[in-house]
Amino acid sequence: MAAPLLAGASLALLGVVIVEGEQHFRWPEVTLLIVVAASIALIASIQIGANARKYLYNRETIDAWYGDLAKRSRAWSEHSEHFGKWKTHIRRAVIAFNAGTTLLILAVSTALLPRDNDAIVRWISVGLAVAGAIVESWWIFHLSRETFEAPVEKPKSLDGGTH
């Protein structure tokens with residue numbers, strides 16, 4: 001996942017804005033606020049995704065955990081519920097990631113704002129960045145409205161369905 005890299009980029013931008021501040025940025029305080037929010041969202045996506053991992057496992061994992069058939073069959077019956085929890089957590093991680101990228105794009109657009117209004121190329125760059133943020137916002141809305149139906153049959157194992 002690219003979240004750690006983008007969180008690092010957010011923190012690097014944070015450092016640049018703090019050091020350069022009023023000299024080079026039109027709205028340094030707004031940029032700082034958005035960069036901090038982007039960093040938090042990207043780090044949250046990493047943590048939510050890591051937490052979700054405990055709900056994703058296959059039959060071999062259950063065999064390694066329990067060994068005997070009675071416990072294994074009970075654990076396998078819980079698998080469907082856990083897989084649903086994993087899907088819910090992963091969707092939250094993806095939404096947090098996309099929120100972080102949207103905020104990072106907005107932070108970059110505020111950092112690009114020219115101090116004088118004669119810099120046409122920078123205004124075009126700001127427009128492109130804002131357009132990217134709008135597309136990401138639409139995608140977040142789309143993801144938040146997506147629903148999952150419970151599987152009718154037990155899901156295939158992660159090894160390609162051989163068990």
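In this predicted model, Phe83 has a relative accessibility of 21% and therefore counts as partly exposed, since the term buried is reserved for values under 20%. The ring of Phe83 pairs with that of Trp86 in a stacked arrangement, with 5.5 Å from centre to centre and 25 degrees between the planes. The angle earns this label because planes under 30 degrees apart count as stacked. Both residues belong to helix H4, where they are three residues apart and so are separated by about one helical turn.

The count of aromatic pairs comes to two. Besides Phe83 and Trp86, the rings of Trp138 and Trp139 have centres 5.9 Å apart. Their planes stand at 40 degrees, and the pair is therefore tilted. As for accessibility, Trp138 is exposed, at 51% relative accessible area, whereas Trp139, at 35%, is partly exposed.

Attention now turns to the nonpolar interior. The largest nonpolar core comprises eight residues, namely Leu13, Leu14, Val17, Phe25, Ile34, Val35, Ala107 and Ala111. At least two residues of this core come from each of helix H1 (3–20), helix H2 (28–52) and helix H4 (69–112). H1 provides the largest share, with three residues.

Ile34, one of the core residues, may be examined through its contacts. Apart from neighbours within four places in sequence, Ile34 is in contact with Leu103, Leu106, Ala107 and Thr110. Among these, Ala107 is also listed as a member of the largest nonpolar core.

Key. Residues numbered from 1 in each chain as written. Predicted model: local features only at pLDDT ≥ 70, side-chain atom pairs only at ≥ 80, totals over all residues. Heavy atoms only, no water. Core = buried A, V, L, I, M, F, W, Y, C linked by side-chain atoms within 4.5 Å. Buried < 20%, exposed > 50% of the residue type's maximum accessible area, 1.4 Å probe, protein only. Helix = DSSP H or I, 4+ residues; strand = E, 2+ residues; numbered from the N terminus. Contact = heavy atoms within 4.5 Å. Phe/Tyr/Trp six-rings, centres within 6.5 Å; stacked < 30°, edge-to-face > 60°.
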